[in-house]
Amino acid sequence: MMVEAILLVACLGVGAYAGLLKKQLASSQSRVVQGAAELEKMQQSQAQVIHTTKLASLGQMIAGVAHEMNTPIGFVKSNVEVVRELLGEHREIVAKCLKGFETMLAVDLTNPQMHEPMRRALAKVRAALAGDERLRDGDELLKDSVDGLVQIANLVKNLKGFARVDRDGMDLLDLNECIESALTIAGHQLRDRIEVVRELGQLPKIHGVASQINQVLLNLITNAAQAMGDSGTLTLVSRRSGDQVEIDVGDTGGGIPDEVLPKIFDPFFTTKPVGEGTGLGLSIVHKIVQSHGGTIKVRTAPKKGSTFTISFPVDHALLKQPA
Amino acid sequence: MSEPRIKVLCIDDESRILRALKALFRDMDVHVTTDPKEAIRWAGEFDIDVVVCDQRMPKMQGIEVLREIRIAHPRAMRILLTGYADLGAVLGSVNEGEVFRYINKPWDNAELRETVQLAAKIARDAPVVQDKAMDDVSREMARREVGILVIEDDPEVQQRMREILQPHYQVRFASSPERALQVLEKHETGVVISETAGQHGDFTALIKALKQYHPHIATVVVTDRANANVAIDLINEGQVFRLLLKPVRMGSCRLSVDAAVGRYWQLKQNPSATRRYIVAPRAESQLPSWLAGSLMQRIKLLPSRLLGLARAH
């Protein structure tokens, strides 16, 4: 019998997505924190924490994508060099054939004795050209190279879209696109050991800060990957549920122990060895989801795995607009 | 007659990499596969000279493939070609795969071709040494004749090494390159155990220089300054025999040192096999200044009677 622990954390009122984090912190904390100076200090340190972990996930992302690019860059670079060599060799063959033609053009064709040697010489030239497979091989290498360059371009596009360094404000987001983007970025951690299952439904767009939502997804995916060790299945589900949009990030890892569960969203809580985790991952996830007016839940079962569900309110005003 | 064509086996889960390598090695007999199991079978079947293998593959990691090939077809020289420089892979490629070179993607065509050509020549010319445990007689002889040098300036680690190794071997300690050389000049030394660096600087340059002139001496690097790039250089320029992380554990340390002594002993009987462990010479200008002058000269001139090779010639 599967024992499910359900933990519901951070449930804010529907439609209360408050936009920027700073505003959010100010309104919710003013009730508890006495001094204005203290509040100011806390806000600064929270903003700092978000900024730092954003840098950390940027670093992780860049390292991942850089590694991912080494393979296509490897064969594209090699192929281009090889094709150049092949063309050089082919040019030599063509030059030899041309030289043969020169000689033949100088031959006196009125002399019937020359016909047979001429025929043989022409056959030789034809064989040299027809037998040279360099152009065909080179063509195949160039085709692979174009594929490789498209792959590199896609990685760069994802990186740009993911970081959104150019526009760091509120946007209309397609969460399915965010999921794909985060999966690409986390690719090097998943590849060769974890199977990814996607069940992505039709979703209305939501209002949000793309780089922050991407950070949430990357964090959840990375945690899931780490929970699974050598192999497992990562399941990503997206769906509309009433006036909410929900995303599940599920792993088949060991689950979260009972004594750990209440602390997972606490800042600086970590189960990783000293120096490996900041302990800020899930607390940041929580903060960002909260600042978008959303909620985060986790269901976990020992030896079966955990599923984090984040949900965001659908903006009804948006639904009325033509797509 | 020209030399028979070099036989290369390439393994990668990305078929476009395989096509690129096939084109790059177009003057050789190239076998390519995305299936590690097939590769392990092919190595012996096609009597392969050089294996070029990717590290991260879905069915099996590159170092596992290379370890299996090392057992099944030890004659082949092994090269790891990878886009990921993670420490785990680097350690594995030393300790399990015993790779000849660790090459990063994207590679340099001319360099990779040269490496494969060199490896093929070695695979054909140099005999393979067996990785079997030493018999009692050899072990006793090795114990009497062969010293172990530990280059390490942390007294605690020195003490730990003494506890682990003193009962079985003649162990000498040096906390600086200068002192290390004094030991090497006085005693036959089969195994050098070293940190990558001490308080007063880098030890890796010394290990590499020693390997360049005396490749039969087995080096075991034991470090807490683990870094993938340093480790890769220790493979390519230092042909390090084992790479262990601190804290020093009795079991793995003993196993590694026993195997290192065994390797040295084998090479001592069989000097022509030493070519399998050569490194590319480094230009004098690349050496750190403390090594470039007289120390380097002393390394070159280590007396051959102490290098254990005198008797074999």
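How many of the residues of S11(B) are buried? I began my notebook with this strand, keeping in mind that the model is a predicted one.

**Entry on strand S11 of chain B**

I looked up strand S11, residues 218–223 of chain B, and found it mostly covered, since 6 of its 6 residues are buried. I then checked its two faces and noted that both are covered: B:Ala218, B:Val220 and B:Val222 lie on one side, while B:Thr219, B:Val221 and B:Thr223 lie on the other. For a residue to be called buried here, 20 or more other C-beta atoms must lie within 10 Å of its own.

Next I followed the partners of this strand. S8(B) is joined to S11(B) by 4 bridges, and the two run parallel; in this pair I found B:Val191 opposite B:Ala218. S11(B) also pairs with S12(B), again in the parallel sense and over 4 bridges, and there B:Thr223 has B:Leu245 as its bridge partner.

**Entry on the sheet that holds S11**

Which strands make up the sheet, and in what order? I read the order as S7-S6-S8-S11-S12 in chain B, an open sheet of 5 strands with parallel pairing. Strand S7 (170–174) and strand S12 (242–245) each have a single partner strand and stand at the edges, so one side of each is left without a neighbour in the sheet. I also looked up the turn between neighbouring strands of this sheet, which is 20° on average when direction is ignored.

A helix came into view here as well. Helix H7, residues 155–165 of chain B, lies across strand S6 (147–151), S7 and strand S8 (189–194), and it runs at about 170° to S7(B).

**Entry on the other sheet of chain B**

I turned to another open sheet of 5 strands in chain B, whose order is S2-S1-S3-S4-S5 and whose pairing is parallel. At its edges I found strand S2 (29–33) and strand S5 (101–104), each with a single partner strand, so one side of each lacks a neighbour in the sheet. Neighbouring strands of this sheet are turned against each other by 20° on average, direction ignored. Looking at one pair within it, I saw that strand S1 (residues 7–11) and strand S3 (residues 50–53) of chain B run parallel and are joined by 4 bridges, with B:Val8 standing opposite B:Val50 in S3(B).

**Entry on the nonpolar cores**

Which residues have the most contacts inside the largest nonpolar core? That core has 91 residues, and the ones I wrote down are B:Val50, B:Val51, B:Val52, B:Ile79, B:Val191 and B:Val220. Helix H11, residues 250–269 of chain B, gives the most to this core, with 7 residues. I then took B:Ile79 on its own and, leaving out residues up to four places away in sequence, found that it touches several residues, among them B:Val50, B:Val51, B:Val52, B:Val99, B:Phe100 and B:Ala119. There is also a second, separate core of 39 residues, which includes A:Ile185, A:Leu218, A:Leu234 and A:Ile284.

**Entry on each chain as a whole**

In chain B I counted 13 helices and 12 strands. Its radius of gyration is 19 Å, close to the 20 Å that the globule rule gives for 313 residues, so chain B is as compact as a globular protein of that length. Its C-alpha atoms fill a box of roughly 50 × 40 × 40 Å along the principal axes, and 43% of its 313 residues count as buried. Of its contacts with a separation of 6 or more, 68% are between residues 24 or more positions apart.

For chain A, I noted 9 helices and 8 strands, with buried residues making up 31% of its 323 residues. Among its contacts between residues at least 6 apart in sequence, 76% join residues at least 24 apart.

**Entry on where the chains meet**

How many residues of chain A are in contact with chain B? I found 19 residues of chain A in contact with 16 residues of chain B. On the side of chain A that touches chain B, helix H2 (36–105) and helix H4 (134–163) each supply at least two residues, and H2(A) gives the most, with 11 residues. By kind, the residues of this side of chain A divide into 4 nonpolar, 7 polar and 8 charged.

Conventions
Residues are numbered from 1 along each chain as its sequence is written. Chains are lettered from A and ligands numbered from 1 in the order in which they are written. This is a predicted model: local features need pLDDT of at least 70, side-chain atom pairs count only at pLDDT 80 or more; totals for chains, interfaces and linings use all residues. Two residues are in contact if their C-beta atoms, placed from the backbone, lie within 7 Å. Ala, Val, Leu, Ile, Met, Phe, Trp, Tyr, Cys and Pro count as nonpolar, Asp, Glu, Lys and Arg as charged, and the others, Gly among them, as polar. The radius of gyration is taken over C-alpha atoms; the globule rule is 2.2 Å times the number of residues to the power 0.38. A residue is buried if 20 or more other C-beta atoms lie within 10 Å of its own, exposed if 12 or fewer, and partly exposed in between; C-beta atoms are placed from the backbone. Two strands pair if DSSP finds at least two bridges between them. Axes are lines fitted to C-alpha atoms, for helices over the stretch in contact, and angles run from 0 to 180 degrees between N-to-C directions. A nonpolar core is a set of buried Ala, Val, Leu, Ile, Met, Phe, Trp, Tyr and Cys residues joined through C-beta atoms within 7 Å.
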